[in-house]
Amino acid sequence: DRAVEESTVRAKASRQTPLRVRSQLKGQIERIEREIEGLDARVNEIELLFESPEIYTDATGSRALSEELAGLKMRSRKRVIQWEALLHQLEEMTAT
């Protein structure tokens, strides 16, 4: 995903003005930030559910929540890495 996004931005950068590319990068950064916030909110919801003893009476449900939690954390980490790469790219553009 990240490599595709970066190559897309670079390809477009060769045809677009620096201002437009910066604007697109900022838009991508904002979208990823919103996605990370949503993922983290759901992680917090699930973690709160695990604080309740009732959740453990349903083994299937608690296992499903545990799997969802692991998947959400992985997706969040991947998006944070993409977010950092885009921020770095934006900083490089602004520095030059």
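1. Definition and first case. A residue counts as buried when its relative accessible area is under 20%, as exposed when that area is over 50%, and as partly exposed in between. Arg79 has a relative accessible area of 16% and is therefore buried. This residue returns in point 6, where its charged partner is discussed.

2. Nature of the model. The structure is a predicted model, and its confidence should be considered before its details. The mean pLDDT of the protein is 89, and 84% of the residues reach 70 or more. Confidence is not uniform: helix α1 (residues 2-13) has the lowest mean, 58, whereas α2 has the highest, 96. A reader should keep these two values in mind when looking at the N-terminal helix and at α2.

3. Overall architecture. The secondary structure consists of three helices and zero strands. Read from the N terminus, the order of elements is α-α-α. Of the 96 residues, 28% count as buried. The accessible surface of the protein comes to about 6700 Å², and carbon and sulfur atoms contribute 55% of it. Among contacts with a separation of 6 or more, 70% are between residues 24 or more positions apart.

4. Helix α2. This helix spans residues 18-50. It has 33 residues, and the distance from its first C-alpha to its last is 48 Å, close to the 48 Å expected at 1.5 Å a residue. Which residues of α2 are buried? They are Val21, Leu25, Gly27, Gln28, Ile29, Ile32, Ile36, Leu39, Val43, Ile46 and Phe50.

5. Helix α3. This helix covers residues 59-95. With 37 residues, α3 reaches 54 Å from first C-alpha to last, close to the 54 Å expected at 1.5 Å a residue. Its buried residues include Leu65, Leu69, Leu72, Leu86, Leu90 and Met93. Polar side chains also appear in that list, among them Ser62, Ser76, Gln82 and Gln89.

6. The salt bridge between Arg79 and Glu35. The structure holds five salt bridges. As general background, side chains of opposite charge can pair when their charged atoms come close. In one of the five, Arg79 pairs with Glu35, and the closest N and O atoms are 3.0 Å apart. This pair links distant parts of the chain, since Arg79 belongs to helix α3 and Glu35 to helix α2, 44 residues apart. Are the two partners buried or partly exposed? Arg79 is buried at 16%, whereas Glu35 has 29% relative accessibility and so counts as partly exposed.

7. The salt bridges of Arg42. Arg42 forms a salt bridge with Glu45, with 2.9 Å between the closest N and O atoms. Both residues lie in helix α2, three residues apart, which is about one turn of the helix. Glu45 is partly exposed, with a relative accessible area of 43%, and Arg42 is partly exposed at 25%. The side chain of Arg42 also meets that of Glu68 in a salt bridge, at 2.9 Å from N to O. Because Arg42 lies in helix α2 and Glu68 in helix α3, this pair ties together parts that are 26 residues apart in sequence. Glu68, at 31% relative accessibility, counts as partly exposed. Elsewhere, salt bridges that share partners join Glu35, Arg75 and Arg79 into one network.

8. Ser76 as a buried position. Ser76 is found in helix α3. Its relative accessible area is 9%, so this residue is buried, the cut-off being 20%. Which residues does Ser76 contact, leaving aside its neighbours within four places in sequence? The contacts are Ile36, Leu39 and Asp40. Of these partners, Ile36 and Leu39 are themselves among the buried residues of α2.

9. Leu87 and Leu25. Leu87 is found in helix α3 and, at 25% relative accessibility, counts as partly exposed. The C-alpha atoms of Leu87 and Leu25 are separated by 8.0 Å, although the two residues are 62 residues apart along the chain. Leu25 is one of the buried residues of α2.

10. The aromatic pair. The structure holds one aromatic pair. Phe50 and Tyr56 form this pair, which is tilted: the centres are 6.0 Å apart, and there are 35° between the planes. The angle explains the label, because planes under 30 degrees apart would count as stacked and planes over 60 as edge-to-face. Phe50 is also listed among the buried residues of α2.

Methods. Residues are numbered from 1 along each chain as its sequence is written. This is a predicted model: local features need pLDDT of at least 70, side-chain atom pairs count only at pLDDT 80 or more; totals for chains, interfaces and linings use all residues. Side-chain values use heavy atoms; hydrogens and water are left out. Rings of Phe, Tyr and Trp (its six-membered ring) pair if their centres lie within 6.5 Å; planes under 30 degrees apart count as stacked, over 60 as edge-to-face and the rest as tilted. Helices (H or I, at least four residues) and strands (E, at least two) are DSSP runs, numbered from the N terminus. Buried means under 20% relative accessible area, exposed over 50%, partly exposed in between (1.4 Å probe, protein chains only). The expected span of a helix is 1.5 Å times one less than its number of residues. Contact means heavy atoms within 4.5 Å. Accessible areas come from the Shrake-Rupley method with a 1.4 Å probe; for residues, only the protein chains shown count as cover. A salt bridge is a side-chain nitrogen of Lys or Arg within 4 Å of a carboxyl oxygen of Asp or Glu. pLDDT is the predictor's confidence in each residue, from 0 to 100.
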